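Trainee: Hey, I'm new to this one. Can you walk me through it?
Mentor: Sure, have a look and then ask away.

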Amino acid sequence: MKNTRTTPNFTRLRSRTVGGRVAWVLALGWCATSLAAEDRTLSFNDEVVPILSENCYACHGPDPGMRKADLRLDRREFAVMPHEDSGPAILPGEPDRSPLVHRIESTDEDERMPPLEAHKSLTSDEIALLRRWIKEGAEYQEHWAFIAPERPPLPAVARDDWAENPIDRFVLERLEREGLSPSPPADRRALLRRVTLDLTGLPPTPEELEAFGRDELSDAYERRVNDLLSRASYGEHRARYWLDAARYADTHGLHTDKFRSVWPFRDYVIKAFNENKPFDQFVREQIAGDLYLVEDVDQIVATAFVRLGIANSESGTIEEEQSTILLTERTKAFSGVFLGMTTGCAACHDHKFDPTTQKDFYQLGAFFNNLDEFFHTGQRPDWPPTIVVPPDENRDAYQAVLAQRAVVQRQLEERRAQAQSLIADWIRTGPAPAHTISPKALQLRLRLDEGKGSVLSNSAPGAEISSIVVDGGPPEWGEDTWLWPSFRMSEKSRVRFPGAIGDVGADEAFSISTWLQPRANALAEIRPPLGTIVAKVDATHGSRGWGLYYNSVNKPKASDEVANPDGEEATEPTPEVEKLTSHGKLMLRLVGDTVDEAIIVQTRDIVLTREVPRWSHVVATYDGSRTAAGVRLYVDGVAQELEIVADRLSGEIRTPVPMQLSAEEGETNRLLSTRFQDFRFYQRELTGEEAKHLPRAELVGEILAQDPAEWSEDQFKWVSDYYFAEHDEPTLRAKDRLAVFDVELDALAKGGVVTLVSKESPRLAYAQVLDRGVYSQRIERVRPSVPHFLPPLSPDAPRNRRGLAEWVVRADNPLTARVTVNRWWQQLFGMGLVETTNDFGLVGARPSNRPLLDWLAVDFRESGWDVKRFYKQLVMSATYRQSARITPELLERDPDNRLLARGPRFRMDAEMVRDAALAASGLLVTKIGGPSAKPYQPAGLWEALTYPESDAFKPDKYVRADGDGLYRRSVYTFTKRQALIPNMEILDQPNRDESCTRRPRANTPLQALVLMNDPQWLEAARRLAERVMVHADSPVARLELLGELVVSRPWTARERAVFTESLQKYQTLYADDEAAAVELIEHGESEPSPALAATELAPWMLVASTALNLDETLNK
Amino acid sequence: MSASEPSHLCSDHGGHRASVADLPIPAALREKWQRLETRRHFLGRAGKVLGGAALASLVGDRVMAAAARPGSAPAFSHVPHFAPRAKRCIYLFMAGGPPQLDMWDYKPGLAALFDRDIPSSVLGEQALTGMTAGQTRFPIAPSPWKFAQQGRSGRWVSELLPWTGKVVDEMAVIHSMNTDAINHEPAELLMCTGDMNPGKPAIGSWLAYGLGSVNRNLPTFVVLNSKLVQGVPSFPVTPRLWSSGFLSSEYAGVAFRSEGSPVLYLDDPAGMKREARKELVDSVNALNRMTAAEVGDPETNARISQYEMAFRMQTAVPELTDLSDEPASTWELYGDEARDPGSFAYNCLLSRRMAERGVRFTQINQRGWDLHGGAEKFTPMICAASDRGCYALITDLKRRGLLDETLVVWGGEFGRTTYCQGLLTKEKFGRDHHPRSFTTWMAGGGVKPGISYGETDAYSYNVVRDPVQVRDFNATILHLLGVDHERLTFKFQGLDQKLTGVVSAKVVQGLLA
């Protein structure tokens, strides 16, 4: 057989690896000699590439479209190669003779590089560096990030008593090279505040501060850290960052931006961090949990990751465009999250700077191009595919059934893994599928595998008409793959069959057989419900003739059957628009002299769907008896129960109008865009046996007639699908058992929550390379693969998301571990070791400390991807525990703290700012998980985004939570992509349209207005005031507690003086104005304490508000 | 700011670069900024390391960055790149896609072709939306409205625009607009951010980033979302149209609201006495100054000035939206409808007040142009709701001597089809989305007045002369404001990103005065 096929391995998804723990304490002994700067050879990656990529690669880099003068400088073989009209740009060892040096040093504006219009220029230092590099031989290196990291030796440092762990050695070595010293350790309270906020997203309580202050044992800090890592708030906090990267939100994002039920994914992420799920397992589950043995429902919930991106529901949506948009979105998100690569550019052209080609992009995209889904969200909360997560009380039982089911699933997979030998045996020993259908009376057979052009060939033996020309515009080829790349008529094209084809009388038998895929139609709900598959009808003579139709009917959608799809909003009615007419019955109609003279027979059941792009095989036969009893309809080889709508045919059905595919002559057609394959017309009645074998057996017979060594991957799949579905007894038995488990699982899931997931379609995955990214400009069909410049997929890896997931976490993947540890470093230190957390490509930032990055990456992977251990290592380092004070010298030398000569200090993210205020005031509700919460937001914001005039798109209303829902952690806040809660947006919360791995940190007046005026903060201030007032009577004691709660320390005397003075002013202002005081303290849903006089409480509330607005409060 | 001295606030300081000393701000604050300016050496370094936007956020203020320019090299140190023709822009964005052939693109020959199929040679091969793709016929629906010549330029204008027709001599009308997007959201994003995909900064954000603020008490980029026109179906406009994308959120458009406080969270909460608010800001800043001294983080200083600005905004914004000082002539011009907050006319008036106060970019979004079905009924309604505001704004700016330095832009995200969507009768018709040709206009600062630019075929279907792509249109807007679209860039995802994207764009020279 031609292609190497995959032999899936049956390792469970769950990683059992715990080995590889290298005790870093031992590693401390290692050391390296660092070379003095003058002695060493320049590092191409660290010193030369930054200059070349910034100044030269745009025109002399990997992108042929942009390349000037046919010169490439990004690869050595091109840079040192002679040119048409000159020698090579670089003569290794000879800078003075190298044209590149001449050009960058030239004073002639026409000569000098980079050219004037590039608005770039090289400094003399940069020119000197390039000269030196050429002098040293102009050696190139693979881009650093594409070489798998190795654990570097620990560097020698002068002050080795400072280091607490290996991190510190790397940091200190760099500082010593710069002639800098680390800062002194942070004050204990400041440290506890920092680590508590970093590990849990919440500030320490006064009790914790006090206890930590008293704990003088040497491991006091480590015990604190261990405690923090064990709290549920740890997972909530970690999850929030992951949800930014994963682009999680509660709405679809585009157009009407409706609710999407996917919050179980959010809870899955929280749980994964809290259970310290090994990171490699976390990755596998999200990319491909559905393609492993399913032992845990969480595995499926996790696959929502693929589908979290924005998606459209606009009526004008063009299906193929949408599908391309989804492919692109998912590929970009995947690349950003796991590879730290910006691949999106390559959707339209080869990446300008990175080696990612357009083909790389679509090969990667092909992994995500094979979901069993409809590309239009249909404005549904349960945009399929979905599962129902069982209610908590059924969860154990559900998991138990899953475990049993997994045993059978494993047997099936093991069996399937032997496909090659089993099929070889089957071919050798038979019985082969001797089901060749006799070509007798076969008048027309359009395989529709031409793949291009407008001429369709008729392969019926001895056919009079051997080809048919498509009129009105060329058909679309290759948008999908079934038996072969698909055929679809465009909206304007027509296929009319000349002459005698399909020309039958009422007394003559005939049969139609075809594979078809009713194309999903965004407007199914407002189009007339009938579509033509094939017909020979004369509309001018009372519809005389015959036709096969798709008869759409309403079917309740899954969410109607699922309780509580929208969690809190279960009481709201389901919008009417969600009732898609995407399902249909098959119908054959024969009409005689008038429309009343007809036979109309249709299937009793709904047998076709447009809800997902699904291929079905249909056969219709008529025996020429002029009775409805003479009609048979088969779907996928199975005879259907029939309904007789009319049974009175007299006169003649024969008409001179030609038979037409997909339309009646002259008809406004709804199924023009249906895809067809292997369309046949017989002038005889096919038997039930023939109808049964037409879809697959005969096709497989045709494949078996060829040499197996010549089979394509698709052909092998067809043969094996058929073999296992029809002939392999163990598989058939196992499938029966699976079906039983599935019924049990469905029953146990009743009453649960529906959530979006990934589900692989039965086809092989393909994508099309698209010219300039335009959906209709297909250039080349590709199978899934990984970018060519990274380690290839293992030969035995399946070409699906599971193969991709395994590749992502493989030890030789140079990016995953680095990208991950870098992002987590950024969470704690404010900036990644590579500043561009989403771009590890050629123009991404250089790592500020590459040995440290590599050490962390390797250590993390070798620890068994132990996440808690990783964070612990960071917060245990002396680097992390430094004071954050910035001396003028440090500000001058290192304003961004890239060298880490001081501890981290930066404004907290929106959610942390809010959660800290809730925690300090005692309002915080610590409930974990569940439907998203809707806290305070100004009125009217959602309503402004709706179609108020349209019944079809009923306005979404923001139904604010009561009570607890107002005070839950921000990770649970409902994320509507088109309208974030503005207070969070103003504090730079991203809208999750795209993966976000690095938030901006703006500092704006609107932030001040939020913190001073938003009811959430006013209420927090009032509750905070009540808390300190209840605690003590004296202003001093009250202020002290306020300090502990808000900035984790008592105020200094000078600070206290400011508060005291303000307090007195407020007391004076409100003493005579009780009404104002009452108004002030009544902000927020919670009742003010009746024990406190409004005129007393209001001034304290303002003092508390002051505290909540402080720079120190907002910073960690 | 004092309402009695608006003249100080309404210019860009005679074309000089804004400097701290010029600003109408409290003396104490001015001194503080000048102190900050002495840290220029540091800022210069930071500018190089961080790029312009980060520098600005570091000191919390774009004017600061402008003041720090000489001698330092932030990314946008050459902005404006050349003398601007306009100092500010008012963008009247007609969300939904106005029907060019019922308003501006006069095609008298179509009347005779009523209900005839549009020739397939005209229709061509382009993809249609899912809404009309299934139609077997594409019958011509001529505009049922009369056109007449207006102004000295003799421009043909539809009877639906009796007011705007009076000021056509101020306008350059572009008939040859075309876009790549066929659905609303991608097409609107393309018009407003230069890219069909979300995540890119709006034009106003680019200008705020590149040119900075003039009035320190008001946002640089303001968005006014007009109310729905009663009875006209309207789809939403999303905040993505005024998002700052990958630029810092300080450059995002601030959407003023027509009900309640114009700026979210602006008003002091009930029960907050003004003196208490002042005390709160003062004490927060006093405490923050201690922190700044103790910790040494420049961000703390930035926060101090942001609290001061927030406090000033609390006065400046209500002053802006308080129309009680408008003379009777204003109401004669804009009509009584302008008294209704949130109406298009009201927003036009507000945009003039903002122009006077130096707001750099005002975008008024008017929804209601998505006229698929019932075009015969809805087109006059939405035209009537927006016609007078356009006229009044241009006239008002001109009377006040502001039109020469204010660029006014009008347009939607695409046009509408000549062929009918749905059933065509003498009484009823509909029009689908039409990306291949549509009409926009510009007026004011630097625009050649009284001209037409570009041309469509006899069916108002395809552009036959001087096509203007969305990116060319946007490049032209930037050009008029003194910005070279090739050079106003921001490094993001490894690319020097710009408003006009990666495909080369050109300034439409024919539109320039």
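Trainee: Let's begin with chain B. How many helices and strands does chain B have?
Mentor: Chain B has 14 helices and 17 strands. Keep in mind that this is a predicted model.

Trainee: What share of chain B is buried?
Mentor: Of the 513 residues in chain B, 66% are buried. Also, if you take the contacts in chain B between residues at least 6 apart in sequence, 78% of them join residues at least 24 apart.

Trainee: OK, now the place where the chains touch. How many residues does each chain bring to the contact?
Mentor: Chain A gives 91 residues and chain B gives 87 residues. Between them, the two chains bury about 7,600 Å², with 58% of that on carbon and sulfur atoms.

Trainee: And how many salt bridges are there between chain A and chain B?
Mentor: There are six salt bridges between them. One to look up is the salt bridge of B:Lys273 with A:Asp1073, at 2.9 Å from N to O. You also get 27 residue pairs in polar contact between chain A and chain B, counting pairs with both residues at pLDDT 80 or more.

Trainee: Which helices of chain A supply at least two residues each to the side that touches chain B?
Mentor: Those are H29 (888-893), H31 (982-986), H32 (1005-1013), H35 (1053-1071), H36 (1074-1081), H37 (1094-1108) and H38 (1111-1114). By residue kind, the side of chain A that touches chain B splits into 39 nonpolar, 24 polar and 28 charged.

Trainee: Can we zoom in on H38? Is A:Thr1113 buried or exposed?
Mentor: A:Thr1113, which lies in helix H38 of chain A, counts as buried because its relative accessible area is 10%, under the 20% cut-off. Beyond its neighbours within four places in sequence, A:Thr1113 is in contact with residues including A:Arg193, A:Met908 and A:Val1046.

Trainee: Switching topic: how many residues are in the largest nonpolar core?
Mentor: That core has 150 residues, and the ones with the most contacts inside it are A:Ile90, A:Trp133, A:Phe265 and A:Leu856. Another core lies apart from it, with 147 residues, among them A:Tyr1070, A:Ala1077, B:Met272 and B:Leu320.

Trainee: What does A:Trp133 touch, leaving aside its neighbours within four places in sequence?
Mentor: Its contacts include A:Leu42, A:Phe44, A:Ile90 and A:Tyr140.

Trainee: Back to salt bridges. How many over all chains?
Mentor: The count is 133 over all chains. Take A:Arg247 and A:Glu329, whose side chains meet at 2.6 Å, N to O. This pair links distant parts of the chain, 82 residues apart: A:Arg247 is in the loop between helix H11 (232-246) and helix H12 (263-274), and A:Glu329 is in helix H16 (residues 319-339). Both A:Arg247 and A:Glu329 are buried.

Trainee: What about A:Lys1065 and A:Glu1061, how are they placed in helix H35?
Mentor: They're four residues apart in helix H35 of chain A, so about one helical turn separates them. Their salt bridge is 3.8 Å from N to O. A:Lys1065 is partly exposed, at 37% relative accessible area, and A:Glu1061 is partly exposed too, at 45%.

Trainee: Last one: which residues do salt bridges with shared partners join into one network?
Mentor: That network is made of B:Glu319, B:Asp325, B:Glu326, B:Arg352, B:Arg353, B:Glu356, B:Arg357, B:Asp396 and B:Arg400.

Key. Residues numbered from 1 in each chain as written. Chains lettered and ligands numbered in written order. Predicted model: local features only at pLDDT ≥ 70, side-chain atom pairs only at ≥ 80, totals over all residues. Heavy atoms only, no water. Contact = heavy atoms within 4.5 Å. Buried area = accessible area lost by both parts, 1.4 Å probe. Salt bridge = Lys/Arg side-chain N within 4 Å of Asp/Glu carboxyl O. Polar contact = N/O pair within 3.5 Å; in protein donor to acceptor, adjacent residues only side chain to side chain. Nonpolar A, V, L, I, M, F, W, Y, C, P; charged D, E, K, R; others polar. Buried < 20%, exposed > 50% of the residue type's maximum accessible area, 1.4 Å probe, protein only. Core = buried A, V, L, I, M, F, W, Y, C linked by side-chain atoms within 4.5 Å.
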